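Hi everyone, thanks for coming. Let's look at a two-chain model together and walk through how its chains are built.

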Amino acid sequence: MNGARWETVIGLEVHAQLSTRSKIFSGAATAFGAAPNTQACAVDLALPGVLPVLNRGAVERAIRFALAIGARINRINVFDRKNYFYPDLPKGYQISQFALPIVEAGALTIGVDDGEKVIRITRAHLEEDAGKSLHEDYHGMTGIDLNRAGTPLLEIVSEPDMRSAKEAVAYARALHTLVTWIGICDGNMQEGSFRVDANVSVRPVGQREFGTRREIKNLNSFRFLEQAIDYEARWQIERIEDGHAIEQATVLFDPDSGETRMMRSKEEAHDYRYFPDPDLLPVKLDEDWIEQLRSALPELPAQKRARYQADLGLSAYDAGALTASRATAEYFEALLAALPQADAKLAANWVMGDLSAALNKVERDIADSPVAPAALASLLGRVQDGTLSGKLAKQVFEAMWAGEGDADTIIAARGLRQLSDSGAIEALIDEVMAANAKSVEEFRAGKEKAFNALVGQVMKASKGKANPAQVNALLRRKLTGMD
Amino acid sequence: MTTLTELAALLATGKTSSVELCQDYLARIAAWNPTLNAFITVDAERTLSEARAADALRAQGRGGALTGVPIAHKDIFCAEGWRTTCGSRMLANFTAPYDASVIERCKAAGMPCLGKTNMDEFAMGSSNETSFFGPVRNPWDVERVPGGSSGGSAAAVAARMAPAATGTDTGGSIRQPAALTGITGLKPSYGVVSRYGMIAFASSLDQGGPMAPGAEDCALLLNVMAGFDARDSTSLERAPEDYTRDLARPLTGVRIGLPREFFGAGLSADTARAVLAAVEELRRQGAETVDVSLPNSGLSVAAYYVLAPAEASSNLSRYDGVRYGHRAAEYRDLTDLYERTRAEGFGTEVKRRIMIGTYVLSHGYYDAYYLQAQKLRRLIARDFEQAFRQCDVILGPTAPATAFRLGEKTADPVAMYLSDIYTIAVNLAGLPGLSLPCGFDTAGLPIGLQLIGDYFTEARLLNVAHQYQCITDWHRRLPAGMS
């Protein structure tokens, strides 16, 4: 293929499971992982005569999402029935929103190589999830688990605004950050709380019309999303270059082979026979409620990114990394607030450096960090007041991580206090110069490298405790005879 | 036999017990049901144990007005522990695990259940001939139909196998059988009686209501059945009403509207004569009459037979053989399971309506049928709105003719559909409608008169009907040999 000649066009449909405790139309619990069919009530089982009652919490979460993406909130929105038969769809229809969704016309800004890009969000609508068909362990039969049936979903549909798998992943990540940030979704992709369908088409660069798209269903990790889109785009380009037309279809991605394969063609597509659900009245939203939710909305990732750059002087990169999740930003802000001297860069470096590395190593979320912001702040305070060198601080941090106590306790117990007494440092320098006459000679002959070797020796002699800046200054003074 | 008021008095004064009453009615059921087939399920033990509980309540002085008075329930209401078939093979093996709201309310009032009454399959029919459990016969002439779909409840009350019964009315299913069997039946305003646990036919039209010999009985029973229910989103949150409050009100000055469209071609001479005679009677009681017009009422049957099947086709999708109800004994794969189960489980009329409904909701036909019918529905509602500016109550025939012979219209669905020509518009508009007996035709068959009120004027309809019944005895007459 010739990468320069083709352009990939991608739009995403994301199903975010809303974080309500009960289902969207029944009182049954939504918790993940219960024994099959123990969280399915009469309504979820679609017994004869049962009726849906809308969960206000699901509507509230949709409104919060709309506010977070600057979307239009339809003050009157309508639930429709999407009719099709499948064993894990108990009513024979899914209650969804078709003609009048609750959210329309929003946007999300994502970071791309050369800056930022706005991805338009066409709509987001409320709907119920289906159950699960279990094909294993049933001796050739299929088991049906209706625990998930009726779980509230917000289906978020983007415009076809993305032009590469990378952009699609950046958008999906930004969306994931946002829905977890505002607390409407737990974002757990393994459990299916955040599922992505990708509509992919290709067209010659410069062509205005879109190519025929194929939809890749149910991608449950960002890695698979990227792999699937890359594979699908390559496949489509090859097909076209081989003289075939792309036919509209729904496909599945197989993570083992890294390939997409056809699930159903356009001809096999259902006629869902949408019509307004007569069991549910149109949803009418109260202005006061919307305003109340608007004022309760937290500062959003984009707002924080802008503030970190403008007010704290952080780079775009740092601001982006610190707002990758709300917990990270909250940790950073708590740390910064607790520092004896405000130093955003120092706090940012620690959050993104040692802390993040330690957390990644044990796959722990920053919200559950064993070293709390206040504890880390007291450690960094010791760096700021010169008690610890950066290197010693790392040692103390490791001990704090291991649960050995707070920074001052560890410093005292291990005798890690930085040596800043110039008399003591000079004594060490004298010893080192005496023992390394050759290096001293070389330095005086103009070899700068020899200086570093001598610094190393002094630090070693101090067991790493000497204040490096002082060692540097005093050593240079002695060597150049300016003493 | 006796009215609910009289039965309540007998129980209150200890002249009889609920057990004795139930035994009497069960004996009458045993005597007449083999001929009339009004009940699908009778469970004497269950009835008597409910009666004993009611007697115990009364003995403790904790009973209400109707505690101990038995009632028959249309087999469309789920009643815990009772087989609930909806007149279909599909649910012939289904025992409800929960109580419908109406059942719950009757139980709370202490009313023992005498049994589950026969009905057209899924309430689709006007003659009770579509029941999987065989047709119900009219007590006035066993070669004739009792009307439908609440034909079992109507026949049970007409033959005094029950002092009262519940029914449901989607296009006339309470009023038309009430008319054809010489009893009184009321379809309340949409939203007055909870639909929770009432097996859905056409959700936007279905409404439960009382069926009994007289209007006073219906008022007492509606007091039990009506009320807000949070489990039905279309249930209306209104202050509780006493539907007996206006029964004794004189009719002086009541304006009765006579729609010219209800007295035109297609109305049998006997029915026209009896209805107009009743109008004269009401005038003598002080009512005034005004001519009104419902210009779009002629379109109601057409609109109804788009909307009701559309909703039904979706409502009946849950009967797929997967979770409960009938399942084909043998099938090759999933599609075969669905096809055989539904082919075997549903009767001809139900299949016809599922097909019509599926068709009108299909891609490319939705606008021409479903949306068009919704427009007609609004026009029909507007007709009533205008008519009620000139009158308090609209009066006309309930059905174009008296009870027809079994098999007479089964080959001609349209002729069958036209039996509901005067009742359907009321459902489309969501208004209350009441049928009461107003005479007999030359063959000795009962004739029904329909009263239609503005929204929530049930008490007014009951008032007019009761005043008429204070000076007539049509509702007290019994078929020959059934005293």
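Let me begin with chain B, which has 15 helices and 11 strands (DSSP runs, H or I of at least four residues for helices and E of at least two for strands, numbered from the N terminus). The radius of gyration of chain B, taken over C-alpha atoms, is 21 Å, close to the 23 Å that the globule rule (2.2 Å times the number of residues to the power 0.38) gives for 483 residues, so chain B is as compact as a globular protein of that length. Its C-alpha trace spans about 65 × 55 × 45 Å along the principal axes.

Two quick notes on conventions. This is a predicted model, where local features need pLDDT of at least 70 and side-chain atom pairs count only at pLDDT 80 or more, while totals for chains, interfaces and linings use all residues. Residues are numbered from 1 along each chain as its sequence is written, chains are lettered from A in the order in which they are written, and side-chain values use heavy atoms, without hydrogens and water.

Back to chain B: 64% of its 483 residues count as buried (under 20% relative accessible area, 1.4 Å probe, protein chains only). Now, which helix of chain B is largely enclosed by the rest of the structure? That is helix 5, residues 151–158, because 8 of its 8 residues are buried. The cover over helix 5 of chain B includes strand 1 (39–41), strand 3 (113–117) and helix 6 (175–181) of chain B, through contacts (heavy atoms within 4.5 Å). Just after helix 5 comes Arg160(B), with a positive phi near 55°.

On to the cores, meaning sets of buried Ala, Val, Leu, Ile, Met, Phe, Trp, Tyr and Cys residues joined through side-chain atoms within 4.5 Å. The largest has 159 residues, and among those with the most contacts inside it are Met111(B), Phe384(B) and Leu395(B). Helix 9 of chain B, residues 300–315, gives the most to this core, with 9 residues. Another core, of 104 residues, lies apart from it and includes Ile69(A) and Phe79(A).

And chain A? Here we have 15 helices and 16 strands. The radius of gyration of chain A is 30 Å, well over the 23 Å from the globule rule for 483 residues, so chain A is more spread out than a compact globule. Its C-alpha trace spans about 95 × 55 × 50 Å along the principal axes, and buried residues make up 49% of the chain.

How values were computed:
Buried means under 20% relative accessible area, exposed over 50%, partly exposed in between (1.4 Å probe, protein chains only).
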